Each structure stands twice: as C-alpha cells, then as structure tokens.
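Biologist: Please take a close look at one part of this model for me. I would like the ligand site, and then the histidine loop I keep returning to.

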Amino acid sequence: MSENIKFNKVSPFCCFGGKETECFESIPILVRNYADIRSHIEDAKVNGKKEWYESSQEAIWSGPYRHHLLKRKEYVQHILKNYAAKNTINSLLDLGCGDGANFKWLKNYAENLYGSDYNIARLVRAKNRNIAKEVVLADVTDYAANEGAFDVIFFNHVLEHIPDDTKALSEVHRVLKKGGICILGIPNEGAFWWQLAYKLQPNSLKTTDHVHFYTIKSISEKIKAAGFTIKEIKRLGWGIPHWDLDSRLRGYKILDDLFEFFGKIFIPNQASSLYFIIEK
Ligand SMILES: C[S@@+](CC[C@H](N)C(=O)[O-])C[C@H]1O[C@@H](n2cnc3c(N)ncnc32)[C@H](O)[C@@H]1O
C-alpha cells in the first residue's frame, strides 16, 4: 500500500539520500529505515504497551486528567500568544504530534502548522483532521528537516519516551531557527512525590512507555548541553502520589484546583508536569 511521490520542494522537511519519497496514505515517510521503526513499535505492542501506540489520544481530553490538561493548554496558549505578539510565526512544528489532538488550537498561532510522529497509525488520524499544512513520518532522533527550518517547536510529552534523548534535543536545536523557541512539556516523574507513586504501585512501571524520569535539575542539564537557553520553567499540576487515587481525585475540578493552589505553595518542586521554554 505504499506509493512514491516527489517531495514538495517548499516544505521545511527533506528526504534522505535524494531518493524519491515513499508515502503511506499520502503521508511522506521521511526516515532512513522504516522497517526498524515499524518493528520497534510492533515489539513494544507485544510487550504489553499496546495502549501507548494505539489508543485514542483524543479520549484523554474527557478523561480524569481533563482539568489538568486544560491548565497545560492555557499555559502553552499564553506562551504562543506572547511570542506571536513580538515575532512572526511562519512555521510551527508539533513534534511527536501523535493523533494531532492539539492541532485545532495550535493552528491559531502560526501561518503554517506542521506535524510529525513516527507512528503511522497516529499520523493517519492527525492527517485526517485536515488542519496541518503537512503531516510526515519522521524520527525525532534523526530528523528529516534542514537547519533552522522551524520558528517554533511544540514538543509535548514526547522526550520522556525517547531512549536517546540527548540526540533528540540536539536535533530539535538543529532544526529550530536562531532566536526561535521550543515549548518542551515533560512529566516531573523523577521528583520524590512521583517516584513514591511508582513505589506504591510498582506494576505501573511495567506498563509505562516512559524511559526517562526527569527532575528539574536533570532535564535542565540536558537542555543546556544541547545548546539552548532556558527562558522559563513552569510547574503545573499537583496530586496524590498514588496513580489510581490521583486519577480518581483529580477528575473533580474542585480537587484539581485545590491541589494546584496548595501544591504550588507547599511542595512546588513536586508538580506533576513541567514546561520549559527554551531558546536557540
Ligand atoms: C504521549 S504521546 C504525545 C502526543 C502529543 N504530543 C500530545 O501532546 O498529545 C508521545 C508521542 O511521541 C511519539 N514518539 C515517541 N518517540 C518518537 C520518535 N523517536 N520520533 C517521533 N515520534 C516519537 C509517539 O509516537 C507518540 O505519538
């Protein structure tokens, strides 16, 4: 079911080795070895992580963390709005866009919105939204775009899944334009509070697809080593250090708001989510 097309020359993306680009359902496959990526995803699915690769990412917006997700979205919108007030955002890349669940609001901040991911099942859903200018299959650690191709990169809850996160960050740095920003969202799972949650429910470690458990300190070092300047760090979302209990309680807006209010005051470094605004 693959086809070959010539790649659009005005696109910020490029293909490797000057070959004609292979496509699946009109989605360009911009990786050196697609068979490796497919088998990585298939292996993960048989190893009990099927959910991570198949389940709808739209559903989380009506799930127990919906109030928290809204807070994250409002924060990212605020950053984009402020940046767009002083700079033209011609190209905004949703890197690791998954199902493209964030496209509908991201598109308001840029002339051209692009999305990429390495999971074709998710990209087909993202493409079918007909919102992004281009949706391509690409690997963050060997990224098919030229230096400085994007004004802003939204890199939301992807890095913690990537074994070679150092390479991923250096690729983000390479494809971001000078003076551009990357909005990096990650879970704060290396923090004492969330490590405690994993200790109380060790089985959750078997089903998570996360391979990194960052703290503010550990990720800050990696960001700086990749050549970025950290402009802002935002802590968001506090809860109970027990995954089941936490998701049940935070389904109530009043509790999510109360945890946020008191968490910020008493345990600021134990937030569940972190956003780093990083500049090249
Ligand atoms: C938790 S989802 C986040 C999706 C989206 N950014 C969001 O905020 O809803 C993580 C995504 O990262 C993608 N991903 C993980 N490793 C990747 C890699 N090396 N290259 C490209 N995409 C990757 C996965 O396929 C998945 O869609």
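Modeller: Here is the ligand site, followed by the loop. Keep in mind that the model is predicted.

Start with the shell. There are 17 residues around the ligand. Coming nearest are Gly 96, Asp 117, Asp 139, Val 140 and Asn 156. By class, the shell residues divide into 6 nonpolar, 8 polar and 3 charged.

Next, the polar pairs. Two of them involve nitrogen on the ligand side. Asp 139 places a polar side-chain atom 3.0 Å from a ligand nitrogen atom. Val 140 uses its backbone instead: an N or O atom there lies 3.0 Å from a nitrogen atom of the ligand. Asn 156 pairs with oxygen, with a polar side-chain atom 2.8 Å from an oxygen atom of the ligand. As for cover, the ligand on its own has 600 Å² of accessible area, and the protein covers 90% of that.

Now the loop. His 161 sits between strand 7 (150-156) and helix 5 (165-175). Is His 161 buried or exposed? His 161 counts as buried, because its relative accessibility is 18% and the cut-off for buried is under 20%.

What does the side chain of His 161 make a polar contact with? The partner is the side chain of Asp 209, at 3.2 Å. Asp 209 also appears in the wider contact list of His 161, along with Trp 52, His 210 and Val 211. That list leaves aside neighbours within four places in sequence.

Key:
Residues are numbered from 1 along each chain as its sequence is written. This is a predicted model: local features need pLDDT of at least 70, side-chain atom pairs count only at pLDDT 80 or more; totals for chains, interfaces and linings use all residues. Side-chain values use heavy atoms; hydrogens and water are left out. A residue is near a molecule or strand if one of its heavy atoms lies within 4 Å of it. A polar contact is a pair of N or O atoms within 3.5 Å; within protein, one must be able to donate a hydrogen and the other to accept it, and residues adjacent in sequence count only if both atoms are side-chain atoms. Accessible areas come from the Shrake-Rupley method with a 1.4 Å probe; for residues, only the protein chains shown count as cover. Ala, Val, Leu, Ile, Met, Phe, Trp, Tyr, Cys and Pro count as nonpolar, Asp, Glu, Lys and Arg as charged, and the others, Gly among them, as polar. Helices (H or I, at least four residues) and strands (E, at least two) are DSSP runs, numbered from the N terminus. Buried means under 20% relative accessible area, exposed over 50%, partly exposed in between (1.4 Å probe, protein chains only). Contact means heavy atoms within 4.5 Å.
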